[in-house]
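Here is a friendly note to read alongside the structure. It goes through a few points, one by one.

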Number of protein chains: 2
Amino acid sequence: MADAPAGSWVPGADGSGFGIENLPYGVVRHRGGRPVPAIRIGAFALDLAAVASAGLLPIPGLEPGVFAEPALNAFLGLGPRIWSDTRRRLQALLAKGSSELDPIAVPALLPLEEVRTVLPVNIGNYVDGYASIEHATNVGRLFRPEGDPLTPNWRHVPIAYHGRARTVVPSGTPVRRPWGQRPPAQPGAAPSFEPERRLDFELELGFVTAAGPSLGEPIPVRRAAEHIFGVVLVNDWSAREIQRWESQPLGPYLGKSFATSISPWIVPLEALAPVRVPGVPQRPEPLPYLRLEDPWALDIDLEATITPEASGVATRVTRTNSRGLYWSAPQQLAHATSGGATIGPGDLFASGTISGTEAGSYGCLLERSRAGREPIPLDDGGSRTFLEDGDTVTIRGYGEAARISLGELTGRVAPAGTWSGFHE
Amino acid sequence: MADAPAGSWVPGADGSGFGIENLPYGVVRHRGGRPVPAIRIGAFALDLAAVASAGLLPIPGLEPGVFAEPALNAFLGLGPRIWSDTRRRLQALLAKGSSELDPIAVPALLPLEEVRTVLPVNIGNYVDGYASIEHATNVGRLFRPEGDPLTPNWRHVPIAYHGRARTVVPSGTPVRRPWGQRPPAQPGAAPSFEPERRLDFELELGFVTAAGPSLGEPIPVRRAAEHIFGVVLVNDWSAREIQRWESQPLGPYLGKSFATSISPWIVPLEALAPVRVPGVPQRPEPLPYLRLEDPWALDIDLEATITPEASGVATRVTRTNSRGLYWSAPQQLAHATSGGATIGPGDLFASGTISGTEAGSYGCLLERSRAGREPIPLDDGGSRTFLEDGDTVTIRGYGEAARISLGELTGRVAPAGTWSGFHE
């Protein structure tokens, strides 16, 4: 950013993807202590509770208690002016040449290997979108091969549905293969109940919100960005057989609600200014309430790898970019509130699976393997159509040729439970 | 209940529907004070913070702070043994002949006209079901006249979707007519954006949960009732045109998320023991994880009235009963967690619209007016196909010939906003 200092005194921060121009927010536990808000700088977490307690964040409107909370919701509720002031102040403290933050007097700089990241916010509500036209088209072709792959509403409505906020989990949480109803082999037969066979990941980007207007008041699309605090990586784990069978007529439910993982560090929208690019053309033009004078997208390179437990060898199974998303974050948010629904600090809106135009850029295995018909070769000699037990899925994101990193989001597939509970 | 005392010393409580055998929980503000947990007895709210502070609730495991909270979530998290002990203790305090609760020393008994009821719990997650076979059949006939009215999954899956927890509002909150996308008049044409024309109510029953097992662990159906604290009336306000246009392929979103109203008083499941009746036969037999040895339903009479602002005359537009629901609350909860999703204190699961077999028992205007084709006459000489501005919808529920009341749930339709916001 134009106004960001040139570098940081924190060893290794410059060029790490977590330099002074990034400073994403998370919540960490240091050596088993209580969770505290932090920012990431290089290979360190800066404990904001300690920095604030030392009187080093004298920002009007930022009460000291805000960073004493075990989640960022209170800070998110303060809005863009205070976010911005706090960011500038933290940049000044960490800038090359600054000696205000004395690491001896204020032991706030914690090596990442000594902390555990936890969920950065209490997720109020979780909405998952369907913003990639490539993804929607691919899925439409697979599930409705006879008709138009896009439903008639798709180019008018930024389609979304509510997911289960309570099962949004932090990176690193093992994800158990869910049991669920498997569709009958032929029409009219009974479904079975068994561990899901077609477990999938979905590579997504999510944004986390501030407060919004009161019930019944919309957020105009041109002001939507003021209500967006920042961005995380999202893996919307999906059970494809459960989903296929349950989704008519009310949409996905258990196929999506056993776990959704998010990355530990929320990159502020302000830090992403250098990677704002023009949005994709929308035809037909969206309705006025979704129309921006200067539509924008985020140019973030994204990739997902699968690492089987046995080999430990990671294979990149998709490489894509969020700049191609048809529906933008401001449009998602303006749409969500256009009927009067409220948002609050810590609501999560995910993009939906991000796919590009080539098979190698498809953001989930359903598309990559064409619904299981075409196995994807792995670098360890194996192959996958869907995820197997022990597979670790890792999603990474970078902007501006890795100058701004979104970090990494991992989750390992744990075997299905034995469900003795069903019979006790 | 067998062990409940015969009556209460509170004037007017016996026979009011809120006698000693009911004692539902809510949260009230007394003369603008801070919100406190309360139970309703007759025409009074009993301030539980005051009762607990006076040392009158010496229940092992019930820390005094629990009723100092502005919502019931902490109490709900304590589980059925403590709920039961608390209930018995409150019944003893309020029983005829008891003088332990001295109204002068402990001014905890507040006339209802001096209090305002607020949302009794912070709703964690909100799930709406589709449990009435009559409703699902009617809606299927209206929307898919050519095919089988029930989707092939319906008799196997207790279908549900996530609603917006943040827009669950307490009884009495005005509900603004939402703006939204209106489907194009003919295929291929553009939708418009305007105030919803087909605003509807949905008469439902909801249950509010306790804590559950950890992520990845299911709740067996036979233990599901232990995780259900109690029951509320629900009006799942619906915007039918928005819903029709947006719902493919991911289900309802904005058509349902502008407001969902719940009644002020949560009737404990324990209080509803006298109205437990055998559940309806299910054919085919559900999968084992949804099978109960003694399936039960709640015999609760339900009605909805519409009162236009101009006339002030209420017309009962539906009268139904929850005993006919095909899918039961334990089945909904066991299904919800069967894939490993967690629940927590204060999650809300609604039944979906409750319809009976006759037109007069259909639980929403979509069914009552056959999608707007048959106006319903009102007692003031007017008629309705869908709701008009100024209409108040009131839902009431009673068990055991009014011995146990669920109280009433009201909401008035406010005109759509002018949405200057869209253009500012």
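**Notes on salt bridges and the chain contact**

1. A good place to begin is A:Arg240, which counts as buried at 5% relative accessibility. Please keep in mind that this is a predicted model. The side chain of A:Arg240 meets that of A:Asp200 in a salt bridge, with 2.9 Å from N to O. A:Asp200 lies in strand S12 of chain A and A:Arg240 in helix H5 of chain A, so this pair, 40 residues apart, links distant parts of the chain. A:Asp200 is buried too, because its relative accessible area is 0% and the cut-off for buried is under 20%.

2. Now look at the counterpart residues in chain B. B:Asp200 and B:Arg240 form a salt bridge whose closest N and O atoms are 2.9 Å apart. Here B:Asp200 sits in strand S12 (residues 199-200) of chain B and B:Arg240 in helix H5 of chain B, with their positions 40 residues apart. Buried or exposed? Both B:Asp200 and B:Arg240 are buried.

3. Back in chain A, there is a network to trace. Through salt bridges that share partners, A:Asp200, A:Glu202, A:Asp236, A:Arg240 and A:Lys256 are joined into one network.

4. Which parts of chain B does the salt bridge between B:Glu21 and B:Arg403 (3.5 Å, N to O) bring together? B:Glu21 is in the segment before strand S1 (25-30), while B:Arg403 is in the loop between strand S25 (392-399) and strand S26 (404-414), so the pair ties together parts 382 residues apart in sequence. B:Glu21 counts as buried at 11% relative accessibility, whereas B:Arg403, at 36%, counts as partly exposed.

5. Next comes the contact between the chains. Chain A and chain B each bring residues to it: 67 residues from chain A and 67 residues from chain B. Together they bury about 6,300 Å², of which 60% is on carbon and sulfur atoms.

6. How many salt bridges are there between chain B and chain A? The count is six, and over all chains it comes to 54. A pair to look up is A:Glu217 with B:Arg176, whose side chains meet in a salt bridge at 3.4 Å, N to O. Across this interface there are also 24 residue pairs in polar contact.

7. Finally, consider the side of chain B that touches chain A. Elements giving two or more residues to this side include strand S10 (179-182), helix H5 (240-246) and helix H7 (329-337) of chain B. S7(B) gives the most, with four residues. The residues on this side divide into 35 nonpolar, 22 polar and 10 charged.

Methods: Residues are numbered from 1 along each chain as its sequence is written. Chains are lettered from A and ligands numbered from 1 in the order in which they are written. This is a predicted model: local features need pLDDT of at least 70, side-chain atom pairs count only at pLDDT 80 or more; totals for chains, interfaces and linings use all residues. Side-chain values use heavy atoms; hydrogens and water are left out. Contact means heavy atoms within 4.5 Å. Buried area is the accessible area (1.4 Å probe) that two parts lose on being put together, summed over both. A salt bridge is a side-chain nitrogen of Lys or Arg within 4 Å of a carboxyl oxygen of Asp or Glu. A polar contact is a pair of N or O atoms within 3.5 Å; within protein, one must be able to donate a hydrogen and the other to accept it, and residues adjacent in sequence count only if both atoms are side-chain atoms. Ala, Val, Leu, Ile, Met, Phe, Trp, Tyr, Cys and Pro count as nonpolar, Asp, Glu, Lys and Arg as charged, and the others, Gly among them, as polar. Buried means under 20% relative accessible area, exposed over 50%, partly exposed in between (1.4 Å probe, protein chains only).
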